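Please open the model in your viewer and keep the sequence panel visible. The tour below proceeds by selections, each followed by a description of what is found there.

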Amino acid sequence: MSEYFSIQDLSVSMGGHQILDHLSLPVENPGHMIALLGPNGSGKTTLLRAICGELSHSGHVLLNGQDLTALSPKALAGLVSYIPQQSGISISMSALDVVLMGFYSRLKLFEQPSAKMREAALQALASVGMDDFANRDYLTLSGGEQQLVILARTLIEDTSLLLFDEPDSSLDLGNKYRMVQMIRELVCGNPVKTALICLHDPVLALTCCDTLMLLKDGHLIRILRPETDSIKDMELAFTEIYGPVNLLEIPDPQSPDHRRLILLPTL
């Protein structure tokens, strides 16, 4: 079977230092959530920035047969959404206008969003629970509220590959799971979407993601698939990243067929 999405032998060097060292990942079908896990400095953000074209790299990133490296910035923006930890927005604009930015790759020079686009943007805000904030200044929102607005913009962009860099970083415990679950509902089972999501919380990754990429010092340590890999193999892999841990499987009454795993440090 041909691969829908693949990272092939990707390396990044900066200032004479190897930041990522020959990373590869095959994904045969869309509709998957892939978590990037690892300590600070392991290369998670660098990988996302390389995939979206912000950093030069060797190797290839293929999406549905297309080499992303060969695309123009506008063509790439039509296929890939990159959602960094900080939005980079520093001027006052409404939350609605921030969401409308998701249409920019489809607009001609000086063309303004249509009434239909504005309606779609309002619907996207409603879908993340932020419709009452449409006319609020984006800069006055809390970090978590800003993250939700950016998620609404991502819905508008309607790209095939979604790259999230710690989308839960400004959220409390309950909203962390809500945010990642919203991303999962957007992606999983979708015939044209795949997501890579950088997370610090391995339990959140185990709960919501299909595949886990474990990075350390720029190297890919292991690729884990929580639904099928053995507890012992996953414990060994997590121990290499986080130190000694225990991985426990617990019943999930709401989804009896789903494997629910909890990661605990060994005391």
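Select A77, V80, S81, Y82 and E157: of the 16 residues that line the largest pocket, these lie nearest its centre. A pocket here is an open set of points on a 1 Å grid over the protein atoms alone, where a 1.4 Å probe fits, with protein on both sides within 12 Å along at least five of seven lines; lining residues have an atom within 4 Å of a point. The elements that give two or more residues to this lining are α2 (73-77), β6 (80-83) and α5 (143-157). Helices (H or I, at least four residues) and strands (E, at least two) are DSSP runs, numbered from the N terminus. The volume of the largest pocket is about 400 Å³, a volume being the space filled by probe spheres set on the points, which are joined across faces, edges and corners. Its lining comprises nine nonpolar, four polar and three charged residues; Ala, Val, Leu, Ile, Met, Phe, Trp, Tyr, Cys and Pro count as nonpolar, Asp, Glu, Lys and Arg as charged, and the others, Gly among them, as polar.

The model is predicted: local features need pLDDT of at least 70 and side-chain atom pairs count only at pLDDT 80 or more, whereas totals for chains, interfaces and linings use all residues. Residues are numbered from 1 along each chain as its sequence is written, and side-chain values use heavy atoms, with hydrogens and water left out.

Next, select the lining of the second largest pocket, which includes Y177, Q181, R184 and E185. This pocket holds about 310 Å³ of space. Which element gives the largest share of its lining? That element is α6, with four residues. By class, the lining has three nonpolar, five polar and four charged residues.

Now display α5 together with α6. Their axes are 12 Å apart and make an angle of about 5°; axes are lines fitted to C-alpha atoms, for helices over the stretch in contact, and angles run from 0 to 180 degrees between N-to-C directions. The two helices are therefore roughly parallel, a term for angles under 35 degrees. Select Q147, L148, L151 and L155 of α5 with R178, M179, M182, I183 and L186 of α6 to see the contact, defined as heavy atoms within 4.5 Å.

Turn to the six-stranded open sheet, ordered β6-β7-β8-β3-β9-β10 with mixed pairing; two strands pair if DSSP finds at least two bridges between them. The edge strands are β6 and β10, each pairing on one side only. At one edge, β6 runs parallel to β7 (residues 161-165) over four bridges, and I83 stands opposite F164 in β7. Helix α1 packs on this sheet, touching β3, β6, β7, β8 and β9.

At the other edge, select β9 (residues 211-216) and β10 (residues 219-224), antiparallel strands joined by five bridges. M213 stands opposite I223 in β10. Two residues lie between the strands of this hairpin, where D217 takes a positive phi near 50°.

Finally, select the four-stranded open sheet, β2-β1-β4-β5, in which the pairing is antiparallel. Its edge strands are β2 (17-27) and β5 (66-67). Seven bridges join β1 (residues 5-14) to β2, and S6 stands opposite P26 in β2. Helix α1 (residues 44-51) also packs on this sheet, touching β1, β2 and β4 (58-63).

Note on methods: Parallel < 35°, antiparallel > 145°, perpendicular 65-115°, else oblique.
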